Protein chains: 2
Amino acid sequence: MSGIASLADLRERLANLPDGDEGAAAAIAERQSRLTKPQGSLGRLEELVAWLGRWQGRETPSLDEVSVLVFAGNHGVVARGVSAYPASVTAQMVANFERGGAAINQICKSVGAKLRVIPLKLDAPTGDFTEKQAMSEAEFIEAVAAGCDAVPASADLLCLGEMGIGNTTAAAAVAAALFGGGGAHWAGRGTGVDDHGLARKQAVIDKALARHAAVLADPLSAAAALGGRELAAILGAALAARRRRVPVVLDGFVSTVAAAPLMKLRAGALDHVLAGHVSAEAGHRILLGELGLKPLLDLDMRLGEASGAAVAVLVLRAALACHTGMATFAGAGVSDKPS
Amino acid sequence: MSGIASLADLRERLANLPDGDEGAAAAIAERQSRLTKPQGSLGRLEELVAWLGRWQGRETPSLDEVSVLVFAGNHGVVARGVSAYPASVTAQMVANFERGGAAINQICKSVGAKLRVIPLKLDAPTGDFTEKQAMSEAEFIEAVAAGCDAVPASADLLCLGEMGIGNTTAAAAVAAALFGGGGAHWAGRGTGVDDHGLARKQAVIDKALARHAAVLADPLSAAAALGGRELAAILGAALAARRRRVPVVLDGFVSTVAAAPLMKLRAGALDHVLAGHVSAEAGHRILLGELGLKPLLDLDMRLGEASGAAVAVLVLRAALACHTGMATFAGAGVSDKPS
């Protein structure tokens with residue numbers, strides 16, 4: 001178990017983060033320079049292998065055990081008309097995940113990843129943050145700990161995603177608290193609200209930012225006041241993965257917002273994290289820029305469920321296959337000398 | 001066999017192209033609207049499935065047989081110092097492909113694709129186009145026909161790529177002839193020339209454009225005068241695939257230039273073609289813009305060998321897995337009604 005029982009425990013964990021294995025990364029780069037291709041010509045595929053090796057602490061990274069965690073939560077703010085779907089869809093989709101009928105089930109099969117779905121008190125939505133805290137400190141910490149505990153004891157790679165009707169509103173509010181800008185800057189259409197719905201989202205976010213202004217300077221307090229259980233769990237899982245040096249692929253806007261407080265509290269806290277894609281949800285590209293994360297894919301996806309992160313795993317597999325399987329110039333008798 | 005024995009045969013083939021199956025594409029879009037996800041939320045994954053179905057003429061597309069063709073050629077213009085590698089590397093890399101040691105071998109294994117490498121008279125490089133035609137009309141047509149004939153009798157998808165020391169110079173010259181702009185606009189660093197090498201490439205291209213100006217108005221004549229056998233073969237393969245309604249994924253700058261004369265001669269001739277990625281080679285992004293092709297991936301790759309196209313197949317597989325495997329709203333008991 002995580003042993004995280006308070007904000008102080010969480011801050012203490014964050015103060016003690018392992019660095020990556022630069023020796024492994026350097027050995028990987030050296031091997032890349034001997035493979036039968038012009039230097040650097042595999043582009044990001046080369047960077048990805050070095051990143052895997054740096055965090056796995058291995059000169060030959062592995063992707064044998066790829067774990068996809070999808071956290072689900074419900075949101076009191078849905079009562080404000082911020083989503084195109086009713087809150088009951090969260091539990092319906094969790095059931096759909098469990099029966100294997102959702103997009104993420106198919107992508108996990110396609111990519112050879114193990115999916116685990118973790119519903120977090122779906123029958124007890126967070127508070128409507130236009131009126132009160134979304135979560136108390138205790139509720140927030142409980143969700144963070146659930147995320148920590150969900151990280152498998154052994155994993156080569158962890159993909160983090162979410163499901164929660166209303167959670168793009170919560171995420172936009174947290175993003176605004178962390179990085180400035182109001183509802184108009186961060187709100188997007190989520191599952192597909194119309195112009196009126198979008199205006200409501202923006203107003204709801206602005207109202208919440210005003211109401212909770214006194215506590216928003218602290219990133220963790222902002223995450224408790226405005227976020228959701230699934231966001232808190234993603235934060236916990238990203239932190240636990242870092243402490244075990246498991247590389248993490250984040251999914252879209254909500255997942256990235258969820259992990260962002262770690263970076264706000266400590267520079268470099270997300271060095272073990274790859275942005276699997278940039279979502280079509282309006283705020284994601286802005287947020288990735290704020291965090292200095294360069295997304296791997298840009299496929300106009302906006303589904304959540306870790307779907308973008310899981311598609312990115314395919315690229316990681318191709319990158320690793322090249323690294324481990326290619327011949328060297330010397331081995332293949334190919335000239336590596338400029339003419 | 002292709003039966004293409006002259007430029008007139010080639011033009012006749014190009015005048016008789018089948019359209020896509022819009023009924024299949026519409027049926028796919030209709031199914032997408034019933035799957036358990038917000039409308040359009042899988043973004044380009046949804047478009048990709050419709051594209052596959054449109055050209056395969058099937059409501060349920062297949063990716064059982066994915067064929068990757070890599071054409072290789074040598075270039076007389078290498079004598080002008082336009083490449084970082086000697087011309088002998090083309091044959092060395094063909095041998096490396098055949099032994100399974102190159103990047104494309106690993107990616108094909110990773111993606112479940114069948115690789116075929118077709119060397120085209122490597123011991124008889126094209127003419128140095130600063131002094132003469134790269135190919136006579138007969139040589140050009142022979143290479144086009146080789147490309148046509150290489151397309152397998154049955155394939156669900158065809159990826160087209162190339163290998164040829166010096167061919168980014170040839171490709172840049174062809175691009176300049178087709179779309180205007182000189183050497184400075186189209187030349188990139190290829191396998192990695194330094195600033196002096198890049199300046200040489202630009203000057204070589206400008207010299208060739210001046211020398212062959214009289215014939216460059218016709219796209220096929222430009223491809224013969226400035227191109228290469230592997231480019232001509234890609235043109236032939238892309239045309240043959242269209243005539244059999246096999247969807248095609250193009251690789252990088254050279255492959256895209258190779259197919260571009262088809263579009264210059266007939267609007268819509270590349271509707272069955274997907275740009276698998278945008279390469280780091282300087283001219284590729286410009287060229288894709290000229291052709292109205294939106295690349296699927298942007299991974300800073302610049303290797304050729306069909307490597308970017310083959311990585312894109314992974315995304316196609318994920319897209320198809322979602323389409324065929326997901327539950328519908330009705331089947332899964334998930335609410336598809338706005339709240």
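Within chain A of this predicted model, A:E22 forms a salt bridge with A:R54, in which the closest N and O atoms are 3.0 Å apart. Because A:E22 lies in helix α2 (residues 22–34) of chain A and A:R54 in helix α3 of chain A, the pair ties together parts that are 32 residues apart in sequence. Over all chains, a search of the whole structure finds 27 salt bridges, whereas across the interface of chain A and chain B the rule finds 0 salt bridges.

Polar contacts are nevertheless found between the chains: across the interface of chain A and chain B there are 18 residue pairs in polar contact, with both residues at pLDDT 80 or more. The elements of chain A that give two or more residues to the side touching chain B are α3 (44–56), α4 (88–99), α5 (103–111), α14 (307–325) and α15 (329–332). Of these, α14(A) gives the most to that side, with 8 residues. Sorted by class, the side of chain A that touches chain B is made up as follows.

| Class of residue | Residues on the side of chain A that touches chain B |
|---|---|
| Nonpolar | 28 residues |
| Polar | 17 residues |
| Charged | 10 residues |

As for the extent of the interface, the contact takes 55 residues from chain A and 55 residues from chain B, and the two chains bury about 4,100 Å² between them, with 64% of this area on carbon and sulfur atoms. On the side of chain A, the residues A:P38, A:Y85 and A:L299 supply 13% of the area that chain A buries against chain B, which is more than any other three residues supply.

How the two copies are related can be stated from their superposition. A rotation of 180° with 0.0 Å of shift along its axis superposes chain A on chain B, with an RMSD of 0.0 Å. The two copies are therefore related as by a two-fold rotation axis. The same surface serves both copies, since 100% of the contact residues of chain A recur in chain B.

Turning to the confidence of the prediction, the mean pLDDT of chain A is 96, and 99% of the residues of chain A reach 70 or more. For the model, the scores are ipTM 0.96 and pTM 0.96.

Notes:
Residues numbered from 1 in each chain as written. Chains lettered and ligands numbered in written order. Predicted model: local features only at pLDDT ≥ 70, side-chain atom pairs only at ≥ 80, totals over all residues. Heavy atoms only, no water. Contact = heavy atoms within 4.5 Å. Buried area = accessible area lost by both parts, 1.4 Å probe. Salt bridge = Lys/Arg side-chain N within 4 Å of Asp/Glu carboxyl O. Polar contact = N/O pair within 3.5 Å; in protein donor to acceptor, adjacent residues only side chain to side chain. Helix = DSSP H or I, 4+ residues; strand = E, 2+ residues; numbered from the N terminus. Nonpolar A, V, L, I, M, F, W, Y, C, P; charged D, E, K, R; others polar. Least-squares fit on C-alpha atoms with pLDDT ≥ 70 in both. pLDDT = per-residue confidence, 0-100.
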